[in-house]
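The following note is offered to a colleague who is examining the model shown below. The points are numbered for ease of reply.

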Amino acid sequence: MATRHPSIASKAAKAAKAARVAKAKRHATEGKNTVETPLSKSYTDPRDVLLKPVVSEKSYALLDENKYTFIVDPNANKTQIKQAVQAVFDVKVTGVNTINRAGKRKRTRTGFGQRAATKRAIVTLAEGDRIDIFGGPTA
């Protein structure tokens, strides 16, 4: 939904926003946490976020730039991916880029099917940090 410029917002919308802001200020002074993450969106183990590393020619080429590619949970956001990589591999992450890949349509003898869609994350590490998931030194 598009947000309107404050000058053209209705009086009811302005009043509702003022009430939300006042409630947020009141909760902040009382020390209440107004935003609680539901259990369905939280991950108890960082290994639930990182499903597996991507083993491909492109991902191996990125190793020279200190970038590592993982297949991640489709519901995970960049912050959760960063925290999971730092917790699992004990490295400093400087950046995370994500890609949602649609599943390919495949033809079989009985008709058409579709591979599962995946989410990939390209994680950039700080200078000097490495992850030895692919084994051996990088060239």
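Which residue just after α3 takes a positive phi? The points below take up this question along with the wider setting of that helix.

1. Status and overall make-up. The model is predicted. The chain contains three helices and six strands, and from the N terminus on its elements follow the order α-β-α-β-α-β-β-β-β. Of its 139 residues, 24% count as buried. Among contacts with a separation of 6 or more, 58% are between residues 24 or more positions apart.

2. The ends of α3. The residue asked about above is D90, whose phi is about 55 degrees. At the N-terminal end, α3 is capped by N77, a side-chain oxygen of which lies 3.2 Å from the backbone nitrogen of T79.

3. Geometry of α3. The helix comprises twelve residues, 78–89. From its first C-alpha to its last it reaches 16 Å, close to the 16 Å expected at 1.5 Å a residue.

4. The two faces of α3. Q80, I81, A84 and V85 are the buried residues to consider here. They lie on the same side of α3 because they cover an arc of only 130 degrees around the axis. This pattern accords with a general rule: an α-helix has 3.6 residues a turn, so residues three or four places apart point the same way. The face turned away from the buried side carries Q83 and A87, both exposed.

5. What covers the buried side. The cover over the buried residues of α3 includes four strands: β1 (50–53), β2 (67–72), β3 (93–101) and β6 (118–125).

6. The nonpolar core. The largest nonpolar core has 17 residues. Those with the most contacts inside this core are L50, F70, I81, V85, V123, L125 and I131. At least two core residues are supplied by each of β2, α3, β3 and β6. Two of the buried residues of α3, I81 and V85, thus appear in both lists.

7. Surroundings of F70. Which residues does F70 contact, leaving aside neighbours within four places in sequence? The contacts include L50, V85, V123 and I131, each of which is also named among the residues with the most contacts inside the core. F70 is also in contact with K52, K119 and R120, among others.

8. The β4–β5 hairpin. Strands β4 (residues 105–108) and β5 (residues 111–114) pair in the antiparallel sense over four bridges. A hairpin through two residues joins them, and T108 has G111 as its bridge partner in β5.

Methods:
Residues numbered from 1 in each chain as written. Predicted model: local features only at pLDDT ≥ 70, side-chain atom pairs only at ≥ 80, totals over all residues. Heavy atoms only, no water. Expected span 1.5 Å × (residues − 1). Buried < 20%, exposed > 50% of the residue type's maximum accessible area, 1.4 Å probe, protein only. Arc of directions from axis to C-beta. Contact = heavy atoms within 4.5 Å. Polar contact = N/O pair within 3.5 Å; in protein donor to acceptor, adjacent residues only side chain to side chain. Core = buried A, V, L, I, M, F, W, Y, C linked by side-chain atoms within 4.5 Å. Pairing = 2+ DSSP bridges.
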